[in-house]
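Trainee: Please take me through one part of this model closely. Start with the sheet in one chain, then work outwards to whatever helps me place it.

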2 protein chains.
Amino acid sequence: MGDESGEVRWLTDAEMLVWRSYIVSTLMLRQRLHRELAERQDVSLTDYEVLVCLSAAEGGAMRMSELATMLGSTKSRLSHQVARMEAAGYVKRVPLADDRRGVAAELTEQGAALLRRSAPTHVEGVRAHFVDLLTEEEQQIMGRAFSRILTHLSELAD
Amino acid sequence: MGDESGEVRWLTDAEMLVWRSYIVSTLMLRQRLHRELAERQDVSLTDYEVLVCLSAAEGGAMRMSELATMLGSTKSRLSHQVARMEAAGYVKRVPLADDRRGVAAELTEQGAALLRRSAPTHVEGVRAHFVDLLTEEEQQIMGRAFSRILTHLSELAD
């Protein structure tokens with residue numbers, strides 16, 4: 001992959017600036033959103049994100065491998081997380097009708113209630129620390145840019 | 001904090017689009033960069049990020065609490081991570097001269113060597129999956145926007 005070629009295309013100062021500000025602010029943002037959810041609603045950001053994905057999926061259920069891709073997680077890490085969430089009553093694992101080895105995670109009524117209860121805290125944080133700090137033009141441009149990145153990464157994952 | 005007021009300012013469709021594309025592509029991007037580093041250089045993305053921060057700091061050392069803020073980590077999580085990295089020889093913990101309870105993490109020569117060896121893999125991934133997918137205009141606008149978010153979050157953390 002060119003790692004050994006000695007011709008590394010290092011980032012320019014301008015590229016470094018956008019990369020560093022993006023990566024550091026994202027790490028700090030996730031930490032902040034996590035703390036607000038944990039302190040006020042007793043739910044972690046990563047568990048909240050599982051609930052959001054399932055809630056948006058058809059029938060409130062999603063194949064585990066698909067969920068792992070969407071959450072940037074691995075099958076094994078997600079499997080532990082979903083087992084924990086199942087024990088707490090927020091999701092349940094169900095076999096897939098059309099795939100003997102496949103398993104889906106399904107939102108329970110209790111999980112849906114946790115999501116409804118926690119959503120205002122999360123949306124308030126997303127506004128205060130991200131959306132409301134951006135102009136409409138910045139939102140449009142970033143929406144386009146990140147959609148492009150998402151398409152690129154989804155194609156790699158196929 | 002307004003959670004109970006019943007007046008939640010939900011995201012509009014346009015705001016939801018930028019938020020979802022940002023958050024999902026970021027999770028997938030981190031997973032991808034992690035896999036490339038782990039498979040080719042046998043280092044995790046989070047350990048790599050510790051090495052980068054220390055390498056950029058004055059004297060190759062940084063106060064643990066400052067490092068935790070920059071990495072969006074908690075003191076306890078970072079403490080475990082640095083203990084692991086110290087056992088592997090990549091960093092060492094040193095007391096702070098001006099603060100009896102303070103501890104800093106310092107890059108070792110072995111840690112600096114790991115960073116030099118791994119950097120080409122990381123930069124190649126950052127280019128292929130982020131920087132090279134953006135126009136110069138998008139880079140400028142995103143650099144400005146994320147610097148603003150970073151300033152906001154840094155002020156909250158003070």
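## The sheet and its surroundings

Mentor: Helix α2 of chain A, residues 45-56, lies across β1, β2 and β3 of chain A. The helix runs at about 105 degrees to β3(A). Keep in mind that this is a predicted model.

Now the sheet itself. Three strands of chain A form an open sheet, in the order β1-β3-β2. The pairing is antiparallel. β1 (61-63) and β2 (91-96) of chain A stand at the edges. Each has a single partner strand, so one side of each is left without a neighbour in the sheet. From one strand to the next, the twist averages 30 degrees.

Look at one pair of strands. β2(A) pairs with strand β3 of chain A, residues 99-107, in the antiparallel sense. The pairing runs over six bridges. To find the register, start at K92(A), which stands opposite E106(A) in β3(A). As a rule, side chains in a regular strand alternate between the two faces of the sheet.

Go to chain B for the matching pair. There, β2 (residues 91-96) and β3 (residues 99-107) pair in the antiparallel sense over six bridges. The two strands, β2(B) and β3(B), form a hairpin with two residues between them. A useful marker here is R93(B), which stands opposite A105(B) in β3(B).

Next, the helices. In chain B, helix α1 covers residues 13-41 and helix α2 covers residues 45-56. The side chains of R30(B) and E49(B) meet in a salt bridge, 2.9 Å from N to O. R30(B) lies in α1 and E49(B) in α2, so the pair ties together parts that are 19 residues apart in sequence. Is R30(B) buried or exposed? R30(B) has a relative accessible area of 17%, which means it is buried, because the cut-off for buried is under 20%. E49(B) is buried too, at 11% relative accessibility.

The loop between α1 and α2 deserves a look in both chains. D42(A) sits in that loop of chain A. D42(A) has a positive phi of about 55 degrees, although it is not a glycine. At 72% relative accessibility, D42(A) is exposed. In chain B, D42(B) is placed in the loop between α1 and α2. Phi of D42(B) is also positive, near 60 degrees, again in a residue other than glycine. D42(B) is exposed, with a relative accessible area of 71%.

More charge pairs follow. Opposite charges on side chains can pair when the charged atoms come close. Over all chains, the count is 22 salt bridges. One of them lies inside helix α1 of chain A (residues 13-41), where E36(A) and R32(A) are four residues apart, about one turn of the helix. Their closest N and O atoms are 3.1 Å apart. E36(A) is buried, at a relative accessible area of 8%.

Another joins R127(A) to D132(A), with the closest N and O atoms 2.8 Å apart. R127(A) is buried at 7% relative accessibility, whereas D132(A) is partly exposed at 39%. There is also a network that includes residues of both chains. Salt bridges link R9(A), E15(A), R127(B) and D132(B) in it.

Now the nonpolar side. Nonpolar side chains tend to be buried together in soluble globular proteins. The largest nonpolar core here has 86 residues. Which members touch the most others? They are F130(A) and F130(B). Leave aside the neighbours of F130(A) within four places in sequence. In its own chain, F130(A) is then in contact with L29(A), G125(A) and M142(A). From chain B, F130(A) is in contact with V18(B), W19(B), Y22(B), F146(B) and I149(B).

Last, how the chains relate. A turn of 180 degrees and a shift of 0.0 Å along the axis lay chain A on chain B, with an RMSD of 0.0 Å. That is the relation of a two-fold axis. In chain A, the C-alpha nearest the axis belongs to M142(A), at 3.5 Å from it. M142(A) is also one of the contacts of F130(A). As for the interface, 99% of the interface residues of chain A are also interface residues in chain B, so the copies meet through the same surface.

Key:
Residues numbered from 1 in each chain as written. Chains lettered and ligands numbered in written order. Predicted model: local features only at pLDDT ≥ 70, side-chain atom pairs only at ≥ 80, totals over all residues. Heavy atoms only, no water. Buried < 20%, exposed > 50% of the residue type's maximum accessible area, 1.4 Å probe, protein only. Core = buried A, V, L, I, M, F, W, Y, C linked by side-chain atoms within 4.5 Å. Contact = heavy atoms within 4.5 Å. Pairing = 2+ DSSP bridges. Axes fitted to C-alpha atoms, helices over the stretch in contact; angles between N-to-C directions. Least-squares fit on C-alpha atoms with pLDDT ≥ 70 in both.
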